[in-house]
Amino acid sequence: KFFCIDASSGAIIWQIDVSGAVSSSATLGSDLLFFGTDAFYLYAVEAATGAVSWSCLAKDAITGAPTLSSDSKSLYFGAADTYMYGITDVYSTTCTAGGVEPSY
């Protein structure tokens with residue numbers, strides 16, 4: 001589960017079921033929250049309501065916080081498969097992530 005909690009009262013504002021344990025910090029955009037799970041999913045959730053806007057499947061666990069571009073339209077995240085993923089339009093209704101294999 002992923003929870004939104006009122007900082008003043010500690011009351012749960014909303015909660016959602018997700019696949020796997022939430023294993024990354026959440027990143028807040030203008031109106032979407034982004035976070036990853038150990039079940040390989042990246043979620044985009046409406047911050048006000050908790051409604052899932054989209055989810056995206058990587059090839060391994062997402063344990064680090066996703067990073068938004070300076071214009072808040074693109075999102076980047078890494079996974080335990082050592083790939084870096086990029087999503088070019090976070091406001092699309094579908095997720096298309098391209099992975100880049102690391103070069104050593």
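Where is Ser72 found? This tour of a predicted model begins with that residue.

**First stop: Ser72**

Select Ser72, which is found in the loop between strand 7 (67–68) and strand 8 (75–78). Its relative accessibility is 24%, and Ser72 therefore counts as partly exposed, since the partly exposed class lies between 20% and 50%. Next, inspect the backbone. Phi of Ser72 is near 60 degrees, a positive value in a residue other than glycine. For comparison, most residues other than glycine have a negative phi.

**Second stop: Ser74**

Remain in the loop between strand 7 and strand 8 and select Ser74. Is Ser74 buried or exposed? With a relative accessibility of 13%, Ser74 counts as buried, because the limit for buried residues is under 20%.

Now add Thr88 to the selection. Ser74 and Thr88 are separated by 14 residues in sequence, yet their C-alpha atoms are 4.5 Å apart in space. Display the side chain of Ser74 as well: one of its polar atoms lies 3.3 Å from the backbone oxygen of Thr88. To see the surroundings, show Thr67, Leu68, Ser69, Ile87, Thr88 and Val90, with which Ser74 is in contact when neighbours within four places in sequence are left aside.

**Third stop: Thr82**

Proceed to Thr82, in the loop between strand 8 and strand 9 (84–87). Thr82 has a positive phi, near 70 degrees, and is a residue other than glycine. The relative accessible area of Thr82 is 46%, so this residue is partly exposed.

**Fourth stop: Thr37**

Select Thr37, whose place is in the loop between strand 4 (32–36) and strand 5 (41–46). What is the relative accessible area of Thr37? The value is 0%, and Thr37 is therefore buried.

Which residues is Thr37 in contact with, leaving aside its neighbours within four places in sequence? Show Val18, Ser19, Gly20, Ala21, Val22 and Ser23, then add Tyr43, Ala61 and Ile62. Within its own loop region, display the side chain of Thr37, which reaches the backbone nitrogen of Ala39 at 3.2 Å.

**Last stop: a patch on the surface**

Finally, switch to a surface display and select Phe3, Ile5 and Ile12. These residues make a nonpolar surface patch of about 290 Å². Phe3 has its place in strand 1 (residues 2–5). The relative accessibility of Phe3 is 37%, and this residue thus counts as partly exposed.

How values were computed. Residues numbered from 1 in each chain as written. Predicted model: local features only at pLDDT ≥ 70, side-chain atom pairs only at ≥ 80, totals over all residues. Heavy atoms only, no water. Helix = DSSP H or I, 4+ residues; strand = E, 2+ residues; numbered from the N terminus. Buried < 20%, exposed > 50% of the residue type's maximum accessible area, 1.4 Å probe, protein only. Polar contact = N/O pair within 3.5 Å; in protein donor to acceptor, adjacent residues only side chain to side chain. Contact = heavy atoms within 4.5 Å. Patch = residues over 30% accessible without salt bridge, like charges linked within 9 Å, V, L, I, M, F, W, Y side chains within 5 Å. Areas by Shrake-Rupley, 256 points an atom, 1.4 Å probe, with all protein chains shown as cover. Salt bridge = Lys/Arg side-chain N within 4 Å of Asp/Glu carboxyl O.
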